[in-house]
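Dear colleague,

I am passing on the structure below, together with a few notes for someone who has not met it before. Please have it open beside you as you read on.

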Amino acid sequence: MLISLYAIKSVAFIVLCVVAVMVLKGWQLGVSESIAMVIIIGFSVDYVVHLAAHYDHCPATNRFEKSTDSISAMGVSIFSGAITTLGSGVFLFGGTIIFFQKFALIITTTVLFSSCYALVYFLAFLHVAGP
């Protein structure tokens, strides 16, 4: 129960950060931004939930061992997935259609915030106050 609450809090922070970037860019809420909101939630849940599931299913008995096992088992996969997704998003910046440029910014900021919040904030939170 606590792990899911911590995960929801992390996902909310990620979504708020990406929406803040969209607001700072001065974007109006249109079709592309509405589609992006769904994608933002999907990307932000991915990394956090992988860490949460591994932490929950870890056979260790204390928080230190569980968080260490989670980062050692899932950290490389999460980081590698973030790098490849970030790399694919960077190529969209070269597009001439505005939708692709917006989508590039949305993907790259979501991946950056999501990987930082999952690997740093969420895991540190579990390490300090996890079950």
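Please keep in mind throughout that this is a predicted model. A good place to begin is T108, which, leaving aside its neighbours within four places in sequence, is in contact with L86, G89, V90 and F93. T108 belongs to helix α4, which covers residues 98–129, and a polar atom of its side chain lies 2.8 Å from the backbone oxygen of A104. Because buried is taken to mean under 20% relative accessible area, T108, at 7% relative accessibility, counts as buried.

From there you may like to turn to the interior. The largest nonpolar core has 29 residues, and among these V48, L51 and F122 touch the most other members. Two or more residues of this core are given by each of α1, α2 (31–57), α3 (63–91) and α4, with α4 supplying the largest share, namely ten residues. As for V48, its contacts, once neighbours within four places in sequence are set aside, are A7, S10, V11, I14, A118 and F122. As general background, nonpolar side chains in soluble globular proteins tend to be buried together.

The surface also deserves a look, since M1, L2, L5 and I8 make a nonpolar patch of about 450 Å² there. Of these, L2 lies in helix α1, which spans residues 2–24, and with a relative accessible area of 39% L2 is partly exposed.

With best wishes

Definitions and conventions: Residues are numbered from 1 along each chain as its sequence is written. This is a predicted model: local features need pLDDT of at least 70, side-chain atom pairs count only at pLDDT 80 or more; totals for chains, interfaces and linings use all residues. Side-chain values use heavy atoms; hydrogens and water are left out. Helices (H or I, at least four residues) and strands (E, at least two) are DSSP runs, numbered from the N terminus. Buried means under 20% relative accessible area, exposed over 50%, partly exposed in between (1.4 Å probe, protein chains only). A polar contact is a pair of N or O atoms within 3.5 Å; within protein, one must be able to donate a hydrogen and the other to accept it, and residues adjacent in sequence count only if both atoms are side-chain atoms. Contact means heavy atoms within 4.5 Å. Patches are made of residues with over 30% relative accessible area and no salt bridge: like charges are joined within 9 Å, nonpolar side chains (Val, Leu, Ile, Met, Phe, Trp, Tyr) within 5 Å. Accessible areas come from the Shrake-Rupley method with a 1.4 Å probe; for residues, only the protein chains shown count as cover. A salt bridge is a side-chain nitrogen of Lys or Arg within 4 Å of a carboxyl oxygen of Asp or Glu. A nonpolar core is a set of buried Ala, Val, Leu, Ile, Met, Phe, Trp, Tyr and Cys residues joined through side-chain atoms within 4.5 Å.
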